[in-house]
Each structure stands twice: as C-alpha cells, then as structure tokens.
Amino acid sequence: MAASPARIAFVTMVRDDHFFLRIWVDYYARHVPRHHLFILMDGFDQTPPDFAAGCQIITLPRSEPGPGWDMKRWTMLADVNAMLLGRFDVVVLNDVDEIIVPDPACGIPLLDAVARAREVGVISPFAVEVVHRYDLCPDRIDPDRPILRQRPHVRVNSSYAKPCISSARLKWSLGGHRSDFPQLNLDNCLFLFHLRYLDRDMLLSRQQTRLAIANARNADEAEVAGIGWTKSTEAIERFLISLQASPPQEKNFQFDWQRRRMTREWRKDAKGDLWRHGRVVTSQTYIIPERFLDAF
C-alpha cells in the first residue's frame, strides 16, 4: 500500500518584515493550504498583513533584546517545532528570508522532497545566498516580479544549510544552524535560497536595526544575537563590493566539491551536544540556472 501523503507545516517568525513575509507566504501557499502556514508575529504592536489572510497567525508578546535574547527565541522555536510534530508529520521551520526550492532537474515536487524527512528524521537543504551584484543589476527590486529574475546571482554559504526540515524533535543552536540530530542528510535536490543580501539599500537599512539590537548588552554579557547582526553597515558595503571582484560563473549548480567537504567534515561540537557539517563560504558568485528563475 502506498504511503499516505505527509502532513507538512511551514513555520516562520517575523517582525517588521512584510517584504520577505510576502515572498514566504506567496511561495509556500502554492504548495500547501494556507492553514498549514504558521506565522509567529513578534509583538502585540504587529498587524498581520492582508496578504497573510488564511494563514495561522500567532501573535506573541515582544521579548526585549538583551543578553541571550536570540538563543532564548530559538529554544522557543524548538518547542514550537515539537508541538507541531504532535499533529504534522514534517515541520519546516526557517527564518522569513529563507526559501526552500527543489531543483527542477530532479523532477521531484517540493512536498515529496520534504516528506522524505519521515524516513530520515532531519533534512538539510544545500544553501546559496542570493546577492545583489549591483554592478550588473543596478535596478531596485520589484516585489511584483519574480525575485530570482531580478537577482540571478548567488554565492555558496554552507552556514545556511540548516537542519530545518524535521520529523524529529530538535535542539537547535543560535540561528538554527546546527542541531543535536546526529546524522547529516544533505539533500541532493533541495536548495535553500537565503535572501538577506538581495538588495543593497534594503540590506543596509535592515542592518542598522539589527546592529542596534545586537548592541543591547555589556561587553561581558552573553551575545544578543548571531554574529551577522553585529556587522557595521561599512562592513556590509565592503562585502558587497568584494562580490564584484570577478565575473559570475556559470556551472551545473551541483556544487560537488562543496557537498563533499560538508559531508566529510561532519562532526560533533567539542563544547556541546550539537552537530555541524564542514564550512564552505566563498565570495565567488554564480549565475542561477534558468530552470530556477521563476520559482519565486
């Protein structure tokens, strides 16, 4: 007898980020009913946007930033993940600027690829960051047009190959980059597109807000959020310029050696009970193949 279709929930948490939330809702609502989309609104001052109608919106009290602030949030998100696994077979939990797309060349729909977590426990998609090569794509982003057609360049950043598709209860690290699940299932067909860097002006404005939050502590206290929140706008600008050092490459988008390194260096953290894959981060940019460009 064929297995019954997996019940799959998609979860994110958001505050003052309607641009990315609209992309997230529009994309995943093409794959599951809207009542399978769970949006945690961070603060009673947040108003759910009209485009999220029909989604499961849970409004939470705002937690004021301070030492350990984002780690506490990820502990809470692990509890949400565990709760939903009481009613769903698989939960996909990501930041709002992370979109998971199956490679059309594999010929497998998103839900079928995600449902494989029922057998393996946890899946990590391969991760690429959509970056703004404003030397090649100077126009501002238009939210009414396909995003990847306007920003067709990525770089590899393995930090975002997160253990984010699960049928098992998890303990996550800060940012959800690592977990206590002891097996790496780096999917051959699934890509996580990290959208943080897709528009220069938007990025710099967002980074100013994040930097103010990250600085809400004394030097001897626990970090407020991840290291990406602590970078100055000048450092972000230098990073974007560094991406322009060489022409973007065209390739088969398989990233074979990067996958091999990530798998070969799979290990347990020396200071804890979390597992991590090998790290691959480069400033080399690549052209997204045509087959992906209308995904979202």
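This report covers strands, aromatic contacts, enclosed spaces and one helix residue in a predicted model.

**Strands β5, β6 and β9**

Strand β5 spans residues 98-102 and is mostly covered, with five of its five residues buried. Its side chains split by direction. Glu98, Ile100 and Pro102 point one way from β5, while Ile99 and Val101 point the other way. Residues on both sides are buried. The strand is joined to β9 (residues 186-197) by five bridges, and the two run antiparallel. Within this pairing, proline 102 has leucine 190 of β9 as its bridge partner.

Strand β6 (residues 122-131) is also mostly covered, since 10 of its 10 residues fall under the 20% limit for buried. Three strands pair with β6, as listed below.

| Partner of β6 | Sense | Bridges | Bridge partners |
|---|---|---|---|
| β7 (residues 153-156) | antiparallel | three | valine 128 and valine 156 |
| β8 (residues 165-166) | antiparallel | two | isoleucine 123 and isoleucine 165 |
| β9 (residues 186-197) | parallel | six | valine 128 and phenylalanine 193 |

Valine 128 has a bridge partner in β7, valine 156, and another in β9, phenylalanine 193. Strand β9 in turn pairs with β6 in the parallel sense and with β5 in the antiparallel sense.

**Aromatic contacts**

How many aromatic pairs does the whole structure hold? A search finds 19. One of them joins phenylalanine 126 and phenylalanine 255. Their ring centres lie 5.2 Å apart, with 15 degrees between the planes, and the pair is stacked. Phenylalanine 126 belongs to β6, whereas phenylalanine 255 sits in the loop between α7 (233-242) and α8 (256-264), so the contact ties together parts 129 residues apart in sequence. Phenylalanine 126 has a relative accessible area of 0% and is buried. Phenylalanine 255 also counts as buried, because its relative accessibility is 0%.

A second pair takes another geometry. The rings of phenylalanine 253 and phenylalanine 292 have centres 5.3 Å apart and planes at 50 degrees, so this pair is tilted. Phenylalanine 253 lies in the loop between α7 and α8, and phenylalanine 292 in the segment after β12 (286-287), so parts 39 residues apart in sequence are tied together. Both rings belong to buried residues.

These four phenylalanines are members of one aromatic cluster, which also includes Phe10, Trp24, Tyr27, Tyr28, Phe191, Phe193, Tyr286 and Phe296. Phe193 is the β9 residue that bridges to valine 128.

Charges also sit over rings. The charged end of arginine 259 lies over the ring of cluster member phenylalanine 191, 5.7 Å from the ring centre. Likewise, the charged end of arginine 200 sits over the ring of tyrosine 134, 5.7 Å from its centre.

**Cavities and a pocket**

Two cavities of 30 Å³ or more are found in the whole structure. The largest holds about 40 Å³ of space. Its lining is made of Trp74, Leu93, Asn94, Asp95, Glu98, Lys162, Pro163, Cys164, Trp172 and Gly176. By class, that is five nonpolar, two polar and three charged residues. Glu98 is one of the buried residues of β5.

The second largest cavity has about 30 Å³ of space. Its lining consists of Val11, Thr12, Met13, Arg73, Leu77, Leu93, Asn94 and Asp95. Two elements, β1 (8-14) and α2 (69-84), give two or more residues to this lining. Strand β1 has the largest share, three residues. The classes are four nonpolar, two polar and two charged. Leu93, Asn94 and Asp95 occur in the linings of both cavities.

The second largest pocket has a volume of about 150 Å³. Which helix gives the most to its lining? Helix α1 (residues 18-28) does, with four residues. The lining includes Arg22, Ile23, Asp26 and Tyr27, as well as Arg30, Asp144, Arg145 and Phe296. Six of the lining residues are nonpolar, none is polar and five are charged. Tyr27 and Phe296 line this pocket and belong to the aromatic cluster.

**Serine 242**

Serine 242 lies in helix α7. Is serine 242 buried or partly exposed? Its relative accessibility is 31%, so serine 242 counts as partly exposed. The C-alpha atoms of serine 242 and glutamine 284 are 9.0 Å apart, although the residues are separated by 42 positions along the chain.

Conventions: Residues are numbered from 1 along each chain as its sequence is written. This is a predicted model: local features need pLDDT of at least 70, side-chain atom pairs count only at pLDDT 80 or more; totals for chains, interfaces and linings use all residues. Side-chain values use heavy atoms; hydrogens and water are left out. Buried means under 20% relative accessible area, exposed over 50%, partly exposed in between (1.4 Å probe, protein chains only). Two strands pair if DSSP finds at least two bridges between them. Rings of Phe, Tyr and Trp (its six-membered ring) pair if their centres lie within 6.5 Å; planes under 30 degrees apart count as stacked, over 60 as edge-to-face and the rest as tilted. A charge sits over a ring if NZ of Lys or CZ of Arg is within 6 Å of the ring centre and within 35 degrees of the ring normal. On a 1 Å grid over the protein atoms alone, a cavity is a set of points where a 1.4 Å probe fits but cannot get out, and a pocket is an open set with protein on both sides within 12 Å along at least five of seven lines; lining residues have an atom within 4 Å of a point. Grid points are joined across faces, edges and corners, and a volume is the space filled by probe spheres set on the points. Ala, Val, Leu, Ile, Met, Phe, Trp, Tyr, Cys and Pro count as nonpolar, Asp, Glu, Lys and Arg as charged, and the others, Gly among them, as polar.
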